[in-house]
Amino acid sequence: QVRVVESGGGLVQAGGSLNLSCAASGTFFSINAMAWHRQAPGKQRELVASIRSGGAPMYANSVKGRFAISRDNAKNMVYLQMNSLKPEDAAVYYCNLEVAQDSRSSFSYWGQGTQVTVSS
């Protein structure tokens, strides 16, 4: 079983910054991909940023140049540095991990989400 826990959300003024963290724990072979998604009230969940093992980060157009995703493989953690936050960035942010249980199979795990609120 893999446990995924996000932290770092909160209330920030527009133009401010937040750094989200996501930690994976449990027994597994490796983490192939790490991603952050978000869901605002009344909207579908959307991919914000992702990074595969050994790959380049990818971003939604709406956050390019403002957000940065990074991973620490030794600690099984992924981070999302969010700068120049806008009111439209407000949402529940979810961490999603593609975890390999062995060399042939992998599963997707989600955290419980962390709320980001941006005041104008």
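In this predicted model, W36 stands opposite C95 of strand β9. That pairing belongs to a ladder of 9 bridges between strand β4 (residues 30–39) and β9, which run antiparallel.

**Strand β9 and its partners**

Besides β4, strand β9 is joined to two further strands, described here in turn. With strand β10 (residues 106–110), β9 pairs in the antiparallel sense over 5 bridges, and L97 has Y109 as its bridge partner in β10. The two strands form a hairpin, with 5 residues between them. With strand β11 (residues 114–119), β9 shares 3 bridges, again antiparallel; here A91 is matched with V116. Strand β9 is mostly covered, with 8 of its 10 residues buried.

**The four-stranded sheet**

A separate description applies to β1, β3, β8 and β7, which form an open sheet of 4 strands in that order, with antiparallel pairing. Strands β1 (2–7) and β7 (67–72) stand at the edges; each has a single partner strand, so one side of each is left without a neighbour in the sheet. From one strand to the next, the twist averages 15°.

Within this sheet, β1 is joined to strand β3 (residues 18–26) by 6 bridges, and β3 is joined to β8 by 6 bridges. Individual bridge partners in the model are collected below.

| Residue | Partner | Partner strand |
|---|---|---|
| R3 | S25 | β3 |
| V4 | A24 | β3 |
| S21 | Y79 | β8 |
| W36 | C95 | β9 |
| L97 | Y109 | β10 |
| A91 | V116 | β11 |

In a regular strand the side chains alternate between the two faces of the sheet.

**The nonpolar core**

The largest nonpolar core has 31 residues, and those with the most contacts inside it are W36, F67, V78, L80, M82, Y93 and L97. Strands β1, β3, β4, β5 (46–52), β7, β8, β9 and β11 each supply at least two residues of this core. The largest share, 5 residues, comes from β9. In soluble globular proteins, nonpolar side chains tend to be buried together.

Two of these core residues illustrate how separate parts of the chain meet. L97 touches V4, A24, I31, A33, M34, V78, F107, S108 and Y109, not counting residues up to four places away in sequence. Among these contacts, V4 and A24 are themselves bridge partners between β1 and β3, and Y109 is the bridge partner of L97 in β10.

F67 is found in strand β7. With a relative accessibility of 5%, F67 falls under the 20% limit and therefore counts as buried. Leaving aside neighbours within four places in sequence, F67 is in contact with R38, V48, Y59, L80, Q81, M82, N83, L85, D89 and Y93. Of these, L80, M82 and Y93 also appear among the residues with the most contacts inside the core. The C-alpha atoms of F67 and L18, 49 residues apart along the chain, are separated by 9.6 Å.

**The loop between β8 and β9**

One of the contacts of F67 is D89, a residue found in the loop between β8 and β9. D89 has a relative accessible area of 1% and is therefore buried. The side chain of D89 reaches the backbone nitrogen of K86 at 2.8 Å. Beyond neighbours within four places in sequence, D89 is in contact with R38, V63, R66, F67, S84, V116 and V118. V116 in that list is the bridge partner of A91 in β11.

**Residues with positive phi**

S84, another contact of D89, also lies in the loop between β8 and β9 (91–100). The phi of S84 is near 50°, a positive value in a residue other than glycine. At 40% relative accessibility, S84 counts as partly exposed.

A further case is N76, in the loop between β7 and β8 (77–82). The phi of N76 is near 55°, likewise positive in a residue other than glycine. N76 is partly exposed, with a relative accessible area of 24%. Most residues other than glycine have a negative phi.

Conventions: Residues numbered from 1 in each chain as written. Predicted model: local features only at pLDDT ≥ 70, side-chain atom pairs only at ≥ 80, totals over all residues. Heavy atoms only, no water. Pairing = 2+ DSSP bridges. Axes fitted to C-alpha atoms, helices over the stretch in contact; angles between N-to-C directions. Buried < 20%, exposed > 50% of the residue type's maximum accessible area, 1.4 Å probe, protein only. Contact = heavy atoms within 4.5 Å. Polar contact = N/O pair within 3.5 Å; in protein donor to acceptor, adjacent residues only side chain to side chain. Core = buried A, V, L, I, M, F, W, Y, C linked by side-chain atoms within 4.5 Å.
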